[in-house]
Amino acid sequence: MADAQTPFNRPYTVGNELKYVAEALDHGQLSGNGAITRRCAEWLEQWSGSARVLLTHSCTGALEMAGLLAEIGPGDEVVMPSFTFPSTANAFVLRGATPVFVDVCAETLNMDCEQLEAAVGPRTRAIVPVHYSGIACDMETIGAVAAGAGAVVIEDAAQGVMASRFDRALGSIGELGALSFHETKTLSSGEGGALLVNDPELVARAEILLEKGTDRARFFRGEIDKYSWIDIGSSFLMSEVTAAFLYAQLEAADRIVAQRVATWERYHEGFAALESAGLVQRPLVPKGCRHNGQSYWLLLPSAELRDVLIAGLRERGIAALFHYVPLHGTRAGRRWGRPVGDLSRTDELAASMVRLPLWVGLPDAQVDRIVEAVSEQLSPTSVSTGS
Ligand SMILES: *Cc1c(COP(=O)(O)O)cnc(C)c1O
């Protein structure tokens, strides 16, 4: 066999997952909205300060709920970065609205707030910041632009669990926020998500949409004697089995995040010299932002160098990845979306970025080996002549 392989991601389990799944079995309720779901929701409400947290089958589902709750419809425009996952746009295209794509900034790969002003118009109903790699967007500026336009802010905080901006949890700052517990995210239940309902006025309707448009939640609380179909909705629930798995991860959240952040910092320090030499650009964590170590990425001087680097790392058994194909250039993005400007900056950034392996349990020695491998790839002479 060749060298030890370093996968890009490796699912981490705390050890208590099966214990809580067994507890769910004992309760005799495996569908959603059971006792352990409530425990998870309370945990997340405590962390976020959100008026109500609803567990969903995915962040995609939570974003779709947000589109329904914000009453987005045909003719409406929803401003979002082009550099994001398709779910961010799908949630609103499903409502008949038009995603309006803006560039991202090179420092954070988050929405460019200067372009935001140009993107917003009389049809703008929502702004959807995406907190890329758990580093917060400029929520103060986004909030001010949204208020001026009469738009709501829906945070795609899929990568933002346990991260904050000026001590406010990501996902809890806009009217609505969506978290992901997908296998590749900081805390995971395989598939899973949560909707953070921060506007108390939306809580009652959110409960109804979650339960196929019925008032089943009130029925189970004993507030009414039968439940029925009263609004549109779908099945957005997380199963109790999944919630049990998730609860183990929530209990260990501080430790998981501390380990991810330590690995992130190790990369960051490791690449300081390369950045000084102008060979890479490292992510910038703006003042007041606490990230969660969701991912470590670098920008290379060109797309060619990036591709050569990824191929070179693969030869050494290191799985490095690029990320999103910007939505404005995709088949669906061209059909249903509208770009603001030519978004060439987004295309260049997406083509020149690389993400490195980061998971709980990734040994420091492997991180150092990856830093070395990247350094050698990018500056072979400077390495071979070292004292
Ligand atoms: C992962 C991710 C999603 C989708 O999350 P799921 O839980 O898999 O539905 C949406 N938006 C962003 C920015 C993501 O990173």
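## The three-stranded sheet

In this predicted model, S164 has R290 as its bridge partner in β10. S164 belongs to a pairing in which strand β6 (residues 164-165) and β10 run antiparallel over two bridges. Strands here are DSSP runs of E with at least two residues, numbered from the N terminus, and two of them count as paired if DSSP finds at least two bridges between them.

The wider arrangement is an open sheet of three strands, ordered β7-β6-β10, with antiparallel pairing. Its edge strands, each paired on one side only, are β7 (168-169) and β10 (289-290).

## The eight-stranded sheet

Eight strands make up another open sheet, this one with mixed pairing, in the order β1-β9-β8-β5-β4-β2-β3-β12. At its edges sit β1 (52-56) and β12 (338-339), each pairing on one side only. As a reminder, strands of a sheet pair through backbone hydrogen bonds, either parallel or antiparallel.

Let's look at some pairings within this sheet. Strand β2 (residues 77-81) runs parallel to strand β4 (residues 124-127), and three bridges join them. Here E77 has T124 as its bridge partner in β4, and V79 stands opposite I127. β4 also pairs in the parallel sense with strand β5 (residues 152-157), over two bridges; in that pairing, A126 stands opposite V152.

## The ligand and its surroundings

Now for the ligand. There are 14 residues around the ligand, and T60, D156, Q159, S180 and K185 come nearest; a residue is near if one of its heavy atoms lies within 4 Å. By class, the shell holds five nonpolar, seven polar and two charged residues. In this scheme Ala, Val, Leu, Ile, Met, Phe, Trp, Tyr, Cys and Pro are nonpolar, Asp, Glu, Lys and Arg are charged, and the others, Gly among them, are polar.

Which side chains have polar atoms close to ligand oxygens, taking N or O pairs within 3.5 Å as polar contacts? For T60, an N or O atom of the side chain is 2.5 Å from an oxygen atom of the ligand. A polar side-chain atom of K185 lies 3.3 Å from a ligand oxygen, and one of Y324 lies 3.4 Å from a ligand oxygen. The protein covers 93% of the 390 Å² of accessible area that the ligand has on its own (Shrake-Rupley method, 1.4 Å probe).

## Notes on the model

Residues are numbered from 1 along each chain as its sequence is written, and side-chain values use heavy atoms, leaving out hydrogens and water. Local features need pLDDT of at least 70 and side-chain atom pairs count only at pLDDT 80 or more, while totals for chains, interfaces and linings use all residues.

Conventions:
A polar contact is a pair of N or O atoms within 3.5 Å; within protein, one must be able to donate a hydrogen and the other to accept it, and residues adjacent in sequence count only if both atoms are side-chain atoms. Helices (H or I, at least four residues) and strands (E, at least two) are DSSP runs, numbered from the N terminus.
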